[in-house]
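Here is my note on the structure, in numbered points. Please keep the 3D view open and find each residue as it comes up.

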Amino acid sequence: MKDPKIKERLSKNLMAWPDITAFCFELRKSFLKSRDTSMNDKNLTKKLFAEIVANKEKNWISKRHS
């Protein structure tokens, strides 16, 4: 990668990834909280991580069978 502008753009995109991920995580937690107001933050986080793992496993299985 010899073009410094491309390298800089890619670097900025990579640096923004944690903020974007955190925003999406909080957005999903807010949605789950709106559907089940009795859940506390810790349980919402556990539920969200369980969803993420389940979706990843589903994708991995479908890729192995395709």
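**Notes on the model**

1. Start with the contacts of K29. Leaving aside residues up to four places away in sequence, K29 touches D41, L44, T45 and L48. This is a predicted model. K29 is found in helix α1. Is K29 buried or exposed? K29 has a relative accessible area of 6%. The cut-off for buried is under 20%, so K29 counts as buried.

2. Next, look at the two helices themselves. Helix α1 covers residues 4-35, and helix α2 covers residues 41-64. Two packed helices are described by the angle between their axes and the distance between the axes. Here the angle is about 110°, and the axes of α1 and α2 are 10 Å apart. That makes α1 roughly perpendicular to α2, because angles of 65 to 115 degrees fall in that class. The crossing of α1 past α2 is right-handed.

3. Which residues meet where α1 and α2 pack? From α1 come F25, R28, K29, L32 and K33. From α2 come D41, L44, T45, K47, L48, F49 and E51. Sort the residues of this contact by type: 5 are nonpolar, 1 is polar and 6 are charged. Pick them out in the view, one helix at a time.

4. Now take F25, which lies in helix α1. What does F25 touch, not counting residues up to four places away in sequence? Its partners are T45, L48 and F49. Two of the names may look familiar: T45 and L48 are also among the residues that K29 touches. For a distance check, use A50. F25 and A50 are 25 residues apart along the chain, and their C-alpha atoms are separated by 13 Å.

5. Turn to the salt bridges. How many are there? The count comes to 4 salt bridges. One of them joins the side chains of D41 and K29, at 2.7 Å from N to O. D41 lies in helix α2 and K29 in helix α1, so the pair ties together parts that are 12 residues apart in sequence. Trace this pair across the two helices in the view.

6. K29 has another charged partner. E26 forms a salt bridge with K29, and the closest N and O atoms are 3.6 Å apart. Both E26 and K29 lie in helix α1. They are 3 residues apart, about one turn of the helix. Their exposure is worth comparing. E26 counts as partly exposed, at 42% relative accessibility, whereas K29 is buried, at 6%. Put these pairs together: E26, K29 and D41 are linked in a network of salt bridges.

7. Another salt bridge pairs the side chains of E8 and K12, at 3.3 Å from N to O. E8 and K12 both lie in helix α1. Here the spacing is 4 residues, about one turn of the helix. Where do these two stand on exposure? E8 is partly exposed, with a relative accessible area of 44%. K12 is exposed, with a relative accessible area of 54%. The cut-off for exposed is over 50%, so K12 gets that label.

8. Last, I61. Its place is in helix α2. At 42% relative accessibility, I61 counts as partly exposed. How far apart in space are I61 and S34, C-alpha to C-alpha? The distance is 31 Å, and the two residues are 27 residues apart in sequence. Set that beside the pair in point 4: F25 and A50, 25 residues apart along the chain, have C-alpha atoms separated by 13 Å.

Key:
Residues numbered from 1 in each chain as written. Predicted model: local features only at pLDDT ≥ 70, side-chain atom pairs only at ≥ 80, totals over all residues. Heavy atoms only, no water. Axes fitted to C-alpha atoms, helices over the stretch in contact; angles between N-to-C directions. Parallel < 35°, antiparallel > 145°, perpendicular 65-115°, else oblique. Left-handed = near helix turned anticlockwise from the far one by under 90°. Contact = heavy atoms within 4.5 Å. Nonpolar A, V, L, I, M, F, W, Y, C, P; charged D, E, K, R; others polar. Buried < 20%, exposed > 50% of the residue type's maximum accessible area, 1.4 Å probe, protein only.
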